[in-house]
Amino acid sequence: MRYLTTAEVAERYRTAESTVRYWRHIKKGPRGVKVGKRVLYPEVELLRYERMLIDGQNEWGLAA
């Protein structure tokens, strides 16, 4: 399984690292896994999050 850093997730979604950290803080966006002091994002979680958005749900898991 491949894991991405916060910087890689920010690059993938063309946003700032601080935005990705904020999403995690408010429980919006893809879920990360804390490993020591770092937060890593399983690639399958990013795919799940993207599929949720494509299927018509917003970042909060609610239908649009």
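Three bridges join strand β2 to strand β3 in this predicted model, and the two strands run antiparallel. This pairing is a convenient place to begin, as several other features can be placed around it. Within the pair, Lys34 stands opposite Val39 of β3. The two strands form a hairpin with two residues between them, and in its turn Gly36 has a positive phi of about 65 degrees.

Strand β3 has another neighbour as well. Two bridges join β1, made of residues 3-4, to β3, and these strands also run antiparallel. Here Tyr3 has Pro42 of β3 as its bridge partner. Strand β3 is mostly covered, with four of its five residues buried.

With the strands in place, the rest of the chain can be followed. The chain has three helices and three strands, and reading along the sequence gives the pattern β-α-α-β-β-α. Of its 64 residues, 28% count as buried. Among the contacts in the chain with a separation of 6 or more, 43% are between residues 24 or more positions apart. The accessible surface of the chain comes to about 4600 Å², and 52% of this surface belongs to carbon and sulfur atoms.

The interior can be considered next. In soluble globular proteins, nonpolar side chains tend to be buried together. The largest nonpolar core in this model has eight residues, namely Leu4, Val9, Ala10, Val20, Trp23, Val39, Tyr41 and Leu46. Helices α1 and α2 and strand β3 are the elements that give two or more residues to this core. Val39, the residue opposite Lys34 in the hairpin strands, is thus met again as a member of the core. Ala10 is another core member, and, leaving aside residues up to four places away in sequence, Ala10 touches Thr15, Ala16, Glu17 and Val20.

Nonpolar residues also appear on the outside. Met1, Tyr3, Val33, Val35 and Val44 form a nonpolar patch on the surface, with about 490 Å² of accessible area together. One of these residues, Val33, lies in strand β2. Val33 counts as partly exposed because its relative accessible area is 36%, a value between the limits of 20% for buried and 50% for exposed. Tyr3 also belongs to this patch, in addition to being the bridge partner of Pro42.

Charged side chains add further links, and the count comes to seven salt bridges. In one of them, Arg12 meets Glu50, and the closest N and O atoms are 2.9 Å apart. Arg12 lies in helix α1 and Glu50 in helix α3 (residues 43-54), so this salt bridge ties together parts that are 38 residues apart in sequence. Both partners are partly exposed, Arg12 with a relative accessible area of 31% and Glu50 with 21%.

A second salt bridge is formed by the side chains of Glu45 and Arg31, at 3.5 Å from N to O. Because Glu45 lies in helix α3 and Arg31 in the loop between α2 and β2, the pair ties together parts that are 14 residues apart in sequence. The two partners fall into opposite classes of accessibility: Glu45 counts as buried at 9%, whereas Arg31 counts as exposed at 52%. Salt bridges that share partners also join Arg2, Arg12, Glu43 and Glu50 into one network.

Another salt bridge stays inside one helix. The side chains of Glu17 and Arg21 meet at 3.7 Å, N to O, and both residues lie in helix α2, four residues apart, which is about one turn of the helix. Glu17 is partly exposed, with a relative accessible area of 37%, and Arg21 is partly exposed at 40%. Glu17 is also among the residues that Ala10 touches.

Finally, the loops on either side of α2 deserve a look at their backbone. Arg14 is found in the loop between α1 (6-12) and α2 (17-25), and its phi is near 55 degrees, a positive value in a residue other than glycine. Lys27 lies in the loop between α2 and β2 and likewise has a positive phi, of about 60 degrees, although it is not a glycine. Arg14 counts as exposed, at 80% relative accessibility, and Lys27 is exposed too, with a relative accessible area of 71%.

How values were computed:
Residues are numbered from 1 along each chain as its sequence is written. This is a predicted model: local features need pLDDT of at least 70, side-chain atom pairs count only at pLDDT 80 or more; totals for chains, interfaces and linings use all residues. Side-chain values use heavy atoms; hydrogens and water are left out. Buried means under 20% relative accessible area, exposed over 50%, partly exposed in between (1.4 Å probe, protein chains only). A nonpolar core is a set of buried Ala, Val, Leu, Ile, Met, Phe, Trp, Tyr and Cys residues joined through side-chain atoms within 4.5 Å. Contact means heavy atoms within 4.5 Å. Accessible areas come from the Shrake-Rupley method with a 1.4 Å probe; for residues, only the protein chains shown count as cover. Patches are made of residues with over 30% relative accessible area and no salt bridge: like charges are joined within 9 Å, nonpolar side chains (Val, Leu, Ile, Met, Phe, Trp, Tyr) within 5 Å. A salt bridge is a side-chain nitrogen of Lys or Arg within 4 Å of a carboxyl oxygen of Asp or Glu. Two strands pair if DSSP finds at least two bridges between them.
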